[in-house]
Amino acid sequence: MGSHERGRPGQGAAGLTRVVSLWRAWLDRLQGLSAASSAATVCLVLACLSALWVIQGELQRRSVRQSQALAVAQAQAGAIRQTFERSMALVGVLQTMVRQGHGQVPDFGLLAPNMLASRPDVMSLNLLPGGVIRQSAPDAVAPFLLNLDVLQGPHRHAGAVQAWQEGRAVVSPPTLLPIGREGLAVHAPVYLPRSDGTPNAQPWGLVRMAISLSELLAQSHLGELAALGLDHELRTHAMAGEAQGALLSSSRPPERSEPLADALQVPVQLGDLTWALSVAPRQGWSDPWTLWLSVGWAALFSGGSAGLVYLFLNSVQLSRRLIRNLTSHVPGMLYQYRRGADGRTAFVYVSPGVEALTGLSAPTLLRSDQAWLEQLLPADLQRLRLALQASAQDLSPLSEEFRMGLPNGELRWYWTKAQPQREPDGSVLWNGYMADCTAEHATEQALAQSTRLLTEAQEVARLGYFVTDLTTGAWTSSALLDDIVGIGPDYPRTPKGWQDLLEPEFRGAMRAIYREAVAKRTSFNMEYAVRRPLDDRIIWVNVFGRLEFDADGRATRIVGTVQDITTRKKAETDIRNLAYYDPLTGLPNRRLLLERLEHALVERSMDHAHGAVLFIDLDNFKDLNDAMGHETGDALLRLVALRLMSCVREDDTVARMGGDEFVLLLHQLELAPGEDPATVAEQRAALVMGALGQPYPLAGSTHTSTPSIGVALFSDEGLAVDEVIKRADVAMYQAKAAGRNAMRFYDPALQHQVAERWQLVEDLRAALVSDQQLFLQYQPQHNGAGVMVGAEALLRWRHPQRGLVSPAVFIPLAEQAGLMETLGQWVLNTACGQLAQWLADDTMASALGEFSLAVNVSAHQFRRADCVDSVARVVRHWAIAPGRLKLELTESMMVHDVDDIIAKMHAIRGLGVRFSLDDFGTGYSSLSQLKRLPLDQLKIDQSFVREVMHSTNDAAIARTVVALGQTLGLEVIAEGVETEAQRDYLRGMGCYHCQGYLFSKPLDSDKFRAYALAGKQ
């Protein structure tokens, strides 16, 4: 146990004990003389000095009484202040609990009653987040306090508002509290670090404590002054315009309200409050009887000597009683403890307070200190003996804490301080004071527990702390902070040492934020990168600092925390990369490109300079993907990204738009005087074409890829971001149309064509929704005998403004816009519905006979996972015989995913639906693939039929198709037959089924019905 001098009761007790010792020795000597000898001696002295003696004696008595009364008043004032400061420790505990819990104190209901039990003068403890009482102890006062708002409204409390505004604990003057008792209200603010990283600490609210005025004064034993013959008054500090402060305590009757006359006054400082304790003897400072007898002695010298001696001895006895009363009522115990030259110990003097303190009586201890030693805990007894030995050896002050087991079984803590002195016989005499410090220990343990929990929380949160002395610049740090920033014990803890930890780009910002915090008297909060000296690794930290100022407003200290936020920063970077960068190439993505382009457009509108956008598309990239796989395609894209980066300046941007499309944003073209911006942009584009045209090492071989580049210039025209990108895109398509591996600048005429084309796409979307513009026509198919055996459903679009739009125009647009799945499903469903309607008419059904309807199916439809189910649903919905439906597939569909297509064809064939291979001879299918397909029919493309009688090549192809169909057992039909000569020529080859204008052009449903019925007739 170490020394605890500060804040302990009884400072200066050793000097007081020494005075008591001298008084006792002097009184003992007087008491040892006989009355006659004393009277004779006094008479001889007073015969010469009678007059001087009267004056000096009166002054001395007055001085002694005033000194004694002042000592008692100071002791009582100290007792009041000590009781109050012990209670104030609970406010700090509450603040620590709130900060530790980040604004939540779930254990308040368990901890608060224990704290209240340790301080009987504390009536209640409250937590006020936002200034509103939300938690209160004890439970008995909660109904009076909960939900009171002390910062505003009818229960607004001036002390609470002052504490909130000034950021410190405020003690309010005594008043009637909401719980119905008079007492002091203490409010203290609580601040929490902000979670969003802003520089200021976050105000959480207040903690509040109510102290009972009566209990506070009762624990200070003010009433015991009356036993010493002293009247007292305790008043508050007089406010402006008041003659005197409010009366808090008085030993006089209530009707006597006038201040004590000729009283000694001692200030009592309780936080913001200053009280005044006044004391004065009931009978005044002078002893009128002594004065009268002294005067009588001067007048009646011969007969007054004996009376003077008597009065003198009587005065001595009175003084002894006053000292006894004083030592009996001072809180704690005064003692004298002697250790003889032979090592034996004994109490020489023990004040009466020992019994209340330890349960042992003063006579018992004066007889022997054995009972005292037996109550000490063994470990503490051994330590106390060693301390006594050391103090006796060099006469150093003794200051120790120890525990004693009281006769009632209670274990309590005590504190003692004593001053040793060497006696003539070689013994050592300690003049000391002892007091109970059990409550302080309980508070310290609670604070230690809070500190331990706070330390554990800091460990979990990886939160180190530091303290900087601004007068010297030196700083100290916790072990956790040292571990975070990677420094050892020998690292220089100076301003330069701290600055050297920061990465250079953050040092200026740190100084600026510190200067702002000092100027505004606020906390600061910032994030910066630190390079750890231990391993040269860079980490990110969050630093929060709170400045402390002296009475003159000068910043004296910084108390702060440091937290490692590297993981969070990495997560933020990863999130940004996901949002703004292409994961394959690491280049900025479309989103970041558009942001930078928007910034560049704003800059060019102000400085009227020129910039350019280069839209780059890799020629035939799809062929590389199909031939060598996506991994090889990805490798090429990464190499292209590297080459593009080598072609730009640091201020320019290279971005990947998606697929094989890249964009170069030249923020500002560097132009010589009179130089054309288009010429500079063309030079940069040529540089890119040269770089991208070089062979690429891929998959163990080399591959050559060329780019098509579209260039769009911009300056201060006020263009939107999308417009600039669209212009570059249009120019790129011009380069594609020019034969690829080319560069073109934006052409407004082509842009008009593009706009028209995409407007047509939007109109087609609307047509799919309206179901009024799209319709089907049906072209009959005939056999060799001229009988209609089927028809092909053909899609038509009647545009509200354009009229009939050719399928050759809108079908490619639908494929580009991703509308083919919806369009194809509409055609299939509409055609099957029409077929069901015809077959439901007996007359039409008879005319149709074994009629089948052919419907074209796009590759987009066939790649859908639910392709088979969608066909089955349509057939079931319209309740048609599956054999009546024939799906026409183009030969070009057999290039990709052949196995998947064949599997789906077999599944649909299992439903009974038949297949026809359209445009046969124009695609890329092989015979090995063809024989695997579950086909029913081959269709000779009309491009071969048109010149079949004049072109030997076309005739040879047609003849080959017919022969192949006969070999595979497939029906062969020719489309585009327009003359009888063509029909007859094809019959000669063995192709008997035909379709074309020779028989009929495509007809709408009503005309087709009439055609079918006419043929039947």
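Arg235 has Ala276 of strand β10 as its bridge partner. This pairing belongs to a predicted model, and β10 is a convenient place to enter it. Strand β7, residues 230-236, pairs with β10 in the antiparallel sense over 7 bridges. Strand β9, residues 264-270, is also joined to β10 by 7 bridges, and these two strands run antiparallel. Within that second pairing, Gln265 stands opposite Ser278 of β10. The hairpin of β9 and β10 has 2 residues between the strands, and Gly271 there takes a positive phi near 65°. Strand β10 covers residues 273-281, and 8 of its 9 residues are buried, so the rest of the structure largely encloses it.

The wider chain gives the setting. It has 1017 residues, of which 46% count as buried, and it contains 34 helices and 36 strands. Among contacts with a separation of 6 or more, 60% are between residues 24 or more positions apart. The accessible surface comes to about 50000 Å², and carbon and sulfur atoms account for 54% of that surface.

Further along the chain is an open sheet of 5 strands, ordered β17-β16-β20-β19-β18 and paired antiparallel. Its edges are β17 (475-477) and β18 (524-531); each has a single partner strand, so one side of each is left without a neighbour in the sheet. On average, neighbouring strands are turned by 25° against each other, direction ignored. Helix α16, residues 504-520, packs on this sheet and touches β18, β19 and β20 (555-564). The direction of α16 makes about 160° with that of β18.

What does the edge strand β18 pair with? Its partner is β19, residues 538-549, and the two are antiparallel over 8 bridges. In β19, Gly545 stands opposite Phe524.

Side chains can be followed from here. Arg521 lies over the face of Phe549, 4.0 Å from the ring centre. In a second contact of a charge with a ring, the charged end of Lys569 sits over Trp540, 4.5 Å from the centre of that ring.

Rings also pair with one another. A pair of aromatic rings is described by the distance of the centres and the angle of the planes. The structure holds 15 aromatic pairs. One of them, formed by Phe466 and Trp498, is tilted, with 4.9 Å centre to centre and 50° between the planes. Phe466 lies in strand β16 (residues 463-469) and Trp498 in helix α15 (residues 495-501), so this pair ties together parts that are 32 residues apart in sequence. Both Phe466 and Trp498 are buried.

Trp838 and Phe1008 form a stacked pair, with 4.9 Å centre to centre and 25° between the planes. Here Trp838 lies in helix α25 (residues 820-840) and Phe1008 in helix α34 (residues 1005-1016), so the pair ties together parts that are 170 residues apart in sequence. Trp838 and Phe1008 are both buried.

Ring pairs can also join into a group: Tyr335, Tyr337, Phe347, Trp372, Phe402 and Tyr414 are linked in this way into a cluster.

Note on methods. Residues numbered from 1 in each chain as written. Predicted model: local features only at pLDDT ≥ 70, side-chain atom pairs only at ≥ 80, totals over all residues. Heavy atoms only, no water. Pairing = 2+ DSSP bridges. Helix = DSSP H or I, 4+ residues; strand = E, 2+ residues; numbered from the N terminus. Axes fitted to C-alpha atoms, helices over the stretch in contact; angles between N-to-C directions. Contact = heavy atoms within 4.5 Å. Buried < 20%, exposed > 50% of the residue type's maximum accessible area, 1.4 Å probe, protein only. Areas by Shrake-Rupley, 256 points an atom, 1.4 Å probe, with all protein chains shown as cover. Phe/Tyr/Trp six-rings, centres within 6.5 Å; stacked < 30°, edge-to-face > 60°. Lys NZ or Arg CZ within 6 Å of the ring centre and 35° of its normal.
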